[in-house]
Amino acid sequence: MDNLLEWRKHQRKQLIAVRETLSEVTHQQWSQTISDLLKQGFPKLQKMNIGIYWPFRGEYDPRSTALYFMRHGATLALPEIVGKDKPLCFREWRPDAPLKNGAYGIPVPIEARAVRVDAIIIPVVGFDQHGYRLGYGSGYFDRTLATYHPQPLTIGIAFEMQRLENVYAQPHDIALHYIVTETGIFRTENHELKLIPASQCAEE
């Protein structure tokens, strides 16, 4: 596509604006459905080191669901930007952990130990039918995933209104293993998203 950067910038702006106009009631309803799907579909997270995110600009808030996993044995971690063009550093997070404002004003734990994550719950600005994510444009998550061998389990979180036909993935882009929206759990299979029941996801 010609002018891919401009196209992505335009899509990003539009999708964030629409997400921020959701009513509080609708946002809560969709978020509750996503929380339920995460708990039902991913019991394996209860024994993992999970990277999560602090919600930003109308995103789904993963913290209460993450605390559910923590109560069942998981370790939680928040990402910290440690430098431009560097991978994210995930630092252990608990509800009582002291925080500081990091890049973009997003809180990060203070002097918490670094955690190598087994799974990452990733915020999505937009996503396509092939399992690729449109993010905020800085490339931190893709850069981080490229440093992991094997790859951690990746679960993108979005609302259906953020679905695009194609985000025109580039060679460095990494497809997500799953995307969860208020309509269900989608697994990336043969470069296509496939809706699967939560019970099937839980058994995989």
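This is a short talk about helix 1 and the nonpolar cores of the structure above.

The model is a predicted one, in which local features need pLDDT of at least 70 and side-chain atom pairs count only at pLDDT 80 or more, while totals for chains, interfaces and linings use all residues. Residues are numbered from 1 along each chain as its sequence is written, and side-chain values use heavy atoms, with hydrogens and water left out.

Let me begin with helix 1, residues 4-20, where helices are DSSP runs of H or I of at least four residues and strands are runs of E of at least two, numbered from the N terminus. Its 17 residues should span 24 Å at 1.5 Å a residue, and the end C-alpha atoms are 24 Å apart, which agrees; the expected span is 1.5 Å times one less than the number of residues. Leu4, Arg8, Gln11, Arg12, Leu15, Ile16 and Arg19 are its buried residues, buried meaning under 20% relative accessible area, exposed over 50% and partly exposed in between, with a 1.4 Å probe and protein chains only. Because they cover an arc of only 125 degrees around the axis, they lie on the same side of helix 1, the arc being that of the directions from the helix axis to the C-beta atoms. On the other side, Lys9 and Lys13 are exposed.

Turning to the largest nonpolar core, a set of buried Ala, Val, Leu, Ile, Met, Phe, Trp, Tyr and Cys residues joined through side-chain atoms within 4.5 Å, we find 31 residues, and those touching the most other members include Phe42, Ile50 and Ile157. Strand 9 (153-157) is among the elements giving two or more residues to this core, and helix 3 gives the most, with four. Apart from it lies another core, of 18 residues, including Phe90 and Tyr140.
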